[in-house]
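Me: I would like to learn how to read burial, strand pairing, cores and salt bridges from a set of coordinates. Please take one feature at a time.

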Amino acid sequence: MSRQHIPLKDITISTKGWTAKVIVEAKGMPRSSQRSPVKYQRMILRDSEGTKVQATIFESDIDKFSDVLTLYKTYYISNAIVKTILPQHRIAKNDYQWHINSKTVVEEVTEEYSSISVPPYNFVSFSEFSKYINSDAYVDIIGVVIHAYSPREIPTVNGPQRIQELLLVDQELIPKILTMWDQFIENECAAIVKNIKTKPIIAAYRIRIVSFNANNILVTDKNIYPAFQSKVLVYGM
């Protein structure tokens, strides 16, 4: 049965007793930050008006919601903790973020009452990358992984960092290198390498293109998942 709910734009720190109806637009894999052992999992939720909010689950609550809040499914959510978020930490255009914990109520919406559409992706062909090099623009891409290079360490201004590169081709058979950093190696790359013999198709969105190497894509605020197993989201935020 349809329930009363309010738009995400109306939910602030001072809003009491609210319920929101949202679709899980993106869901990251559990990970720990470089500065803390605390485990967390991020996701992006969106309502029917297109407003988005960043939500985070921590530690033991991650397991509780592992089979809930599934990608592209719609839910009624209430009693999440609402907090402000600094601009540099935002992955959704919203002044607020949610912390989902054991007290948060999550109820899946049946298809009959699910009116929120799956988000569209505007994939950019590899031949169009020159339009976006070294800009602030984010792009979405899709391609076939034909080779995975071994992880290696490179020097950066912040000290040594591990990377792993994947060789992709798009439908025009143009090759490009997708560079994955740090924890993406353990999560996203591991899932992709496991299926490398099948030449998996992967999609990536919210990435930036840089010119330090003509064939490289620098992955920053991005979400990457193998299209060959769309029920398992393998991406980072």
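Reply: Start with a single residue: His 147 has a relative accessible area of 37%, so it is classed as partly exposed, since that class lies between the 20% limit for buried and the 50% limit for exposed. Keep in mind that this is a predicted model.

Me: Where does His 147 lie, and which residues is it in contact with beyond its neighbours within four places in sequence?

Reply: His 147 belongs to strand β9, residues 139–148. Apart from those sequence neighbours, His 147 is in contact with Glu 165, Leu 166, Leu 167 and Ile 196. Ile 196 is 49 residues away along the chain, yet the two C-alpha atoms are 7.1 Å apart.

Me: How many helices and strands does the protein have, and what share of the residues is buried?

Reply: The secondary structure consists of 2 helices and 15 strands. Of the 237 residues, 46% count as buried. For the reach of contacts, take those between residues at least 6 apart in sequence: 59% of them join residues at least 24 apart.

Me: How do I read the burial of a whole strand?

Reply: Count its buried residues. In strand β1, residues 19–27, the count is 9 of the 9, so the rest of the structure largely encloses it. For β5 the count is 5 of the 5, so that strand too is largely enclosed.

Me: Which residues of β5 are on each side?

Reply: In a regular strand, side chains alternate between the two faces of the sheet. In β5, Thr 74, Tyr 76 and Ser 78 are on one side, with Tyr 75 and Ile 77 on the other. All of these are buried, and both faces are covered.

Me: Which way do β1 and β5 run relative to each other, parallel or antiparallel?

Reply: They are antiparallel, joined by 5 bridges, with β5 spanning residues 74–78. To follow the register, look at opposed residues: Lys 21 stands opposite Tyr 76, and Val 22 stands opposite Tyr 75. β1 also pairs with strand β3, residues 39–46, in the antiparallel sense over 4 bridges. There, Val 24 is opposite Leu 45. β5 in turn is joined by 4 bridges to strand β8, residues 105–108, again antiparallel, and Ile 77 is opposite Val 106.

Me: Which residues touch the most other members of the largest nonpolar core?

Reply: A core is read as a network of buried nonpolar residues. Here the largest has 20 residues, and Leu 45, Leu 69 and Trp 98 touch the most other members. At least two residues of this core come from each of β1, β3, β4 (52–58), β5 and β7 (96–100). There is also a second, separate core of 18 residues, including Phe 126, Val 139, Phe 184 and Ile 207.

Me: What does Leu 69 touch, leaving out residues up to four places away in sequence?

Reply: Leu 69 touches Val 24, Lys 27, Met 43, Ile 57, Tyr 75, Ile 77, Ile 100 and Val 106.

Me: That list has a lysine in it. How far is Lys 27 from the nearest side chain of opposite charge?

Reply: That side chain is Asp 67, at 7.7 Å; Lys 27 is buried and has no salt bridge. Lys 27 is part of strand β1. For such a residue, look next at backbone oxygens. A polar atom of the Lys 27 side chain is 3.1 Å from the backbone oxygen of Val 68, and one is 3.0 Å from the backbone oxygen of Leu 69.

Me: How many salt bridges does the whole structure have, and how do I read one?

Reply: A search finds 8. For each, check the distance, the burial of both partners and their places in the chain. Arg 46 and Glu 25 meet at 2.5 Å, N to O. Arg 46 is in β3 and Glu 25 in β1, so the pair ties together parts 21 residues apart in sequence. Arg 46 is buried at 9% relative accessible area, and Glu 25 is buried at 7%.

Me: Please give a case with a partly exposed partner.

Reply: Glu 165 and Arg 152 form a salt bridge at 3.3 Å, N to O. Glu 165 lies in strand β11 (residues 161–169) and Arg 152 in strand β10 (residues 152–154), so this pair links parts 13 residues apart in sequence. Glu 165 is buried at 15%, while Arg 152 is partly exposed at 41%. Finally, look for shared partners: Glu 25, Arg 46 and Lys 52 are joined by salt bridges into one network.

Conventions:
Residues are numbered from 1 along each chain as its sequence is written. This is a predicted model: local features need pLDDT of at least 70, side-chain atom pairs count only at pLDDT 80 or more; totals for chains, interfaces and linings use all residues. Side-chain values use heavy atoms; hydrogens and water are left out. Buried means under 20% relative accessible area, exposed over 50%, partly exposed in between (1.4 Å probe, protein chains only). Two strands pair if DSSP finds at least two bridges between them. A nonpolar core is a set of buried Ala, Val, Leu, Ile, Met, Phe, Trp, Tyr and Cys residues joined through side-chain atoms within 4.5 Å. Contact means heavy atoms within 4.5 Å. Lys and Arg count as positive and Asp and Glu as negative; His and the chain ends are not counted. A salt bridge is a side-chain nitrogen of Lys or Arg within 4 Å of a carboxyl oxygen of Asp or Glu. A polar contact is a pair of N or O atoms within 3.5 Å; within protein, one must be able to donate a hydrogen and the other to accept it, and residues adjacent in sequence count only if both atoms are side-chain atoms.
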